[in-house]
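Please read the following alongside the sequence and the coordinates. The text takes up a few parts of the chain in turn.

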Amino acid sequence: MSASNKSNVFTCLLSRMDLMTFENVQRSPTDVHVSWSGGQRAMTQNGSRPPEVLSYFIIQGLSNLGETRIIVFYIFLVAYIFILVGNSMIIFMSFTNPKLSSPMYFFLHNLSLVDILYTTVTIPNMLTGLMTKTHTISVRGCFVQMYCFIQMAVTGRGILTVMAYDRYMAICNPLHYTAVMTRPFRCVLIAAAWVFGAICSLPGTAPSWNKTYCGPNIVRHGWCDPSSVRRLVCGDTYSDNILSLSSALVALLLTGVLIVTSYILIGLSLSKMNTAERLKAFGTCAAHLTVVSISYGSASFVYISYRVGNFPAEVRIIVSVLYTVLTPFLNPVIYSLRNKELRDAIKSTFCRRPALAAKRLINTVYP
């Protein structure tokens, strides 16, 4: 065969391969996903082949659970409804009951708002994925979800830190508590927690915005988790991983150190009180201390589970979801059980209104 004939055959083969690739790309996301081998990824990174830019991601979630997905769906749905109802009730009580106008309840209803937003960013999309065969999300939508998820998580830690400072002021400096914890100062503390969350979220998400994603386009997580999305980058992500890990450690360690410092100072003050005063003071911060222990303990467990042991992807996703819903789920329960004022406000609200309605009905029937 002559050199010209060989060249024509090779050109025909290349054209046929390009046609097959075009046909595959035109299929729907449920039929095919973009898949790249190690050699193709290396060619893209070396610049010898232009990368194929992805326009969407497929969220794998718990699609491999089969019929068990229905059970998991209803469990997470009930948990999400409880989170919405419980935290909304705390917000409603804080606004409508005059007895809950102290700084502690001001910070508590802001924490409840963050818990609602934190779970709403991820859980509804995950519930949708459990009920559909294929759950896709645009690249831009994925980055928005990623940023909001991290921001709500860090902002929640910031508000827990502010609440620890509030307890420190109430126990260690009771004479100056009212003068310091004015409403403008409380608003400044809450704004600082939101700004802290917004700033700490940027290093973990901003580097991902300018990356090229060349496949596979399957995110092996329940949502757009930063570490799971970075695995799809056709390039070196070592520096991005270090930057993301550093920002996460700064957010966790800084808030954790401030909370621990507050409770060390509270403990020193409690040691100088008599038994009755000690029990009363400890009762005011027991609920917050319980929430902090659960929040940071579950975060440590998730971090260890991702790096120790060979767990299946589904187990890791379930652990992450449980970590996401655990603290928002338990917050209303813990503060309702541990806080007498909130308990009494809930009882008076839900017991008084039916009684008033019955009284009005009686007056209407027997004027």
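Is Cys 142 buried or exposed? In this predicted model, Cys 142 has a relative accessible area of 0%. Buried means under 20%, so Cys 142 is buried.

Cys 142 is also one half of a disulfide, with Cys 224 as its partner and 2.0 Å between the two sulfur atoms. The bond joins distant parts of the chain: Cys 142 belongs to helix α6, whereas Cys 224 sits in the loop between β3 (218-219) and α9, and the two are 82 residues apart. Cys 224 counts as buried too, at 1% relative accessibility. The torsion about the S-S bond is about -130 degrees, so the disulfide is left-handed. Searching the whole structure gives 1 disulfide.

Two further cysteines can be placed by accessibility. Cys 148 has a relative accessible area of 26% and is therefore partly exposed. Cys 187 is partly exposed as well, because its relative accessibility is 36%.

Next comes helix α8, which covers residues 183-209. This helix has 27 residues, and the distance from its first C-alpha to its last is 38 Å, close to the 39 Å expected at 1.5 Å a residue. The helix nevertheless contains a kink of about 45 degrees, centred on Pro 203.

Which elements do the buried residues of α8 pack against? They pack against α4 (103-120), α6 (139-172), α9 (226-230) and α10 (238-270). Among the buried residues of α8 are Leu 189, Ile 190, Ala 193, Phe 196 and Cys 200, along with Gly 197 and Gly 204. Val 195, also in α8, has a relative accessible area of 47% and so is partly exposed. Its C-alpha lies 9.4 Å from that of Gly 158, although 37 residues separate the two in sequence.

The last topic is the nonpolar interior. In soluble globular proteins, nonpolar side chains tend to be buried together. Here the largest nonpolar core has 80 residues, and the members that touch the most others are Phe 57, Phe 76, Phe 107, Met 163, Val 229, Val 321 and Leu 342. Helix α6 supplies the largest share of this core, 17 residues.

Leu 342 shows what such a position looks like in detail. Apart from neighbours within four places in sequence, Leu 342 is in contact with Ile 90, Met 93, Leu 100, Tyr 105, Leu 108, Tyr 335 and Ser 336.

How values were computed: Residues are numbered from 1 along each chain as its sequence is written. This is a predicted model: local features need pLDDT of at least 70, side-chain atom pairs count only at pLDDT 80 or more; totals for chains, interfaces and linings use all residues. Side-chain values use heavy atoms; hydrogens and water are left out. Helices (H or I, at least four residues) and strands (E, at least two) are DSSP runs, numbered from the N terminus. Buried means under 20% relative accessible area, exposed over 50%, partly exposed in between (1.4 Å probe, protein chains only). The expected span of a helix is 1.5 Å times one less than its number of residues. The bend at a residue is the angle between axes fitted to the seven residues ending there and the seven starting there. Contact means heavy atoms within 4.5 Å. A nonpolar core is a set of buried Ala, Val, Leu, Ile, Met, Phe, Trp, Tyr and Cys residues joined through side-chain atoms within 4.5 Å. A disulfide is a pair of cysteine sulfur atoms within 2.5 Å.
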